[in-house]
Every structure is written in structure tokens, then in C-alpha cells.
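Biologist: Could you take me through the surroundings of the ligand in this model? I would enjoy a close look at that one part, with a short tour of what else stands out.

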Amino acid sequence: MEKEKQQVKAVVVAGGKGKRMGASCHKQYIMLHNKPVLAHTLQVFQDCTEIEEIVLVVGEGEVEFCQKEILDKYQLSKVARVVEGGKERFHSVYNGLVAIDNCSIVLIHDGARPFVKEEIILNSIMEAQREGAVIVGVPVKDTIKIINDNMEVANTPARKTLWAIQTPQTFRYSLLREAYDKNQWDESITDDASLMEKVGQRVKVIMGDYENIKLTTPDDLLIAEKILMKGEEN
Ligand SMILES: Nc1ccn([C@@H]2O[C@H](COP(=O)(O)OP(=O)(O)OP(=O)(O)O)[C@@H](O)[C@H]2O)c(=O)n1
Ligand SMILES: C[C@](O)(CO)[C@H](O)COP(=O)(O)O
């Protein structure tokens, strides 16, 4: 018997202010090769056949602007709803989650990560169907130290246990919604997996991609240019 096709939706969060980038506009609207960062990000999800629908979360008062300047202009027809975010990332994710009517698997992705590859999205969906909660990451290359308030080394965790975590973070919708509904949000929750960990849910990590960077500070824009140029040469 043919396996029933699971409904897979994505929440792309782009409701941040990009303070560390310090640009004249929010970083998700910076132009990279004549196209806003957010349009690059959404295009990957638009092109992925497994993604049925996208909910886009934007900053306060940005819904109309995004509809016109991003969705209409770049024909991103899979974006079914655009909602406003909140003060912290987890508020924005929650607003996106409640805007989804029904689905089995949901991917949460940062609008500021435009270089996510389709292969990573597909692997995440496959693993989330099996495991329930799956995040992508890469092994850290540097030695990481825990530093105290006096800028002295407190300790050095074993590098082989340390991974830099990215998005997408992919979950059975019911599990993630349950975790968010428990309302255990505080400033330690910098990603969706932390919330799942807090409510005792096992989270699986799979290999991400070193190019799937989050545009955070101005030096990331130089790296972004290089990645785009490499893509054009291939
Ligand atoms: N209240 C917030 C904060 C962040 N984000 C989104 O979450 C992603 C990752 O957050 P981050 O890189 O920290 O973005 P900003 O909050 O915009 O950056 P900064 O902390 O430098 O202000 C980004 O796509 C950002 O737009 C969001 O939707 N709502
Ligand atoms: C979700 C995330 O992108 C995973 O690396 C990251 O935790 C977001 O953190 P930030 O504090 O919003 O930069």
C-alpha cells in the first residue's frame, strides 16, 4: 500500500531588527546580487517540492511591504500567510505556528539564512518523520572555552562534543506546538530545539552545511558575496 503523503509546511522567521548588522534597513531586506536576502531564502523553500506551504513572519508594520516588495515581486506563491512577529525570536516562531492550520511536519527557518540547500531541507523532513525533532548543525572548528566574568578561562569543553547549530529545525507539528504551548519561554531559548529540550523531548542532530550561515554582522555579507559568486561560476 502506498504511504500517505505527510503535510509539510515551513515557518520562515524574518521579524528581527538586525541590530548586530547595523545596516540602514533590517538585514533580511539587504540586497544580495539584486535580490533581497529574504527573497533568496524563500526561493529555496518555494522550489522544494516537499514544502506545501510557507508562513512568513515579519516585523511590526511590515506585512504590506513584504507582500508587495518580496512576495509579489519575486512570485513566491507558496507563502500562504504573512504575520507579524514579536519581541524575541520565540515570540515570532509562536505567531508563525499558530497561523498554521494543520500539518504533520513543520520546518522553522531563519529568514537571515539564505544559503540553505534543498538537500538539507529534504534530509530534515525525512529524519523528522522518523525522530520527531531534528536540527541541523556542523562540528565546530575552533577550540571553544567557557569564560568567567573576569575574562578568565573557566573550562574547555571537549571539541568533539560541540556543534554549531543552524536552521532548519524540523519537528512533528504537534510536538513543537505542545512545547510552545507550555509557555516556558525565557531568554535562554535562542532556538526551537532549546524549548524541546526544556520540556524533556529528545532532539536529533544531523549534518548541516558550513555555507548555511546566518547573516549576523557586516563581515557575513562578504562571505555571502563569495558564496553567491561561487554558485554563479558552477
Ligand atoms: N524578534 C525576532 C527576532 C529574530 N527573528 C528572526 O530570527 C532569525 C535569527 O535571528 P537573529 O539573527 O538574531 O536576527 P535579529 O534579531 O534580526 O538580529 P540582532 O539580534 O542582531 O538584532 C532572523 O531571521 C530574524 O529575523 C524574528 O523573527 N523575530
Ligand atoms: C536559531 C539559530 O539561528 C540557530 O543557530 C540561532 O540560535 C538564532 O540565534 P540569535 O540569537 O537569534 O542569533
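Modeller: Gladly; here is the ligand site, followed by a helix residue and a surface patch. Please keep in mind that this is a predicted model. Ligand 1 is surrounded by 18 residues, and the closest are Gly15, Lys19, Lys27, Ser92 and Lys214. Some of its polar partners are backbone atoms. A polar backbone atom of Gly86 sits 2.9 Å from a nitrogen atom of ligand 1, and for Lys87 a polar backbone atom is likewise 2.9 Å from a nitrogen atom of the ligand. Glu88 brings a backbone N or O atom to 3.3 Å from a nitrogen atom of ligand 1. Taken alone, ligand 1 would expose 560 Å², and the protein buries 88% of that.

Now to the helix residue. Helix α3 spans residues 89-98 and holds Leu97. Leu97 counts as buried because its relative accessible area is 0%, under the 20% cut-off. Beyond its neighbours within four places in sequence, Leu97 is in contact with Val11, Val106, Ile108, Tyr173, Leu176, Arg177 and Tyr180. Of these partners, Ile108 lies 11 residues away along the chain from Leu97, with 9.1 Å between their C-alpha atoms.

The surface offers another picture. Trp163, Ile165, Val205, Met207 and Tyr210 make a nonpolar patch of about 430 Å². Strands β10 (163-172) and β11 (204-207) each supply at least two of the patch residues. Met207 belongs to β11, and is partly exposed, with a relative accessible area of 45%.

Key:
Residues numbered from 1 in each chain as written. Chains lettered and ligands numbered in written order. Predicted model: local features only at pLDDT ≥ 70, side-chain atom pairs only at ≥ 80, totals over all residues. Heavy atoms only, no water. Patch = residues over 30% accessible without salt bridge, like charges linked within 9 Å, V, L, I, M, F, W, Y side chains within 5 Å. Areas by Shrake-Rupley, 256 points an atom, 1.4 Å probe, with all protein chains shown as cover. Salt bridge = Lys/Arg side-chain N within 4 Å of Asp/Glu carboxyl O. Helix = DSSP H or I, 4+ residues; strand = E, 2+ residues; numbered from the N terminus. Buried < 20%, exposed > 50% of the residue type's maximum accessible area, 1.4 Å probe, protein only. Near = heavy atom within 4 Å. Polar contact = N/O pair within 3.5 Å; in protein donor to acceptor, adjacent residues only side chain to side chain. Contact = heavy atoms within 4.5 Å.
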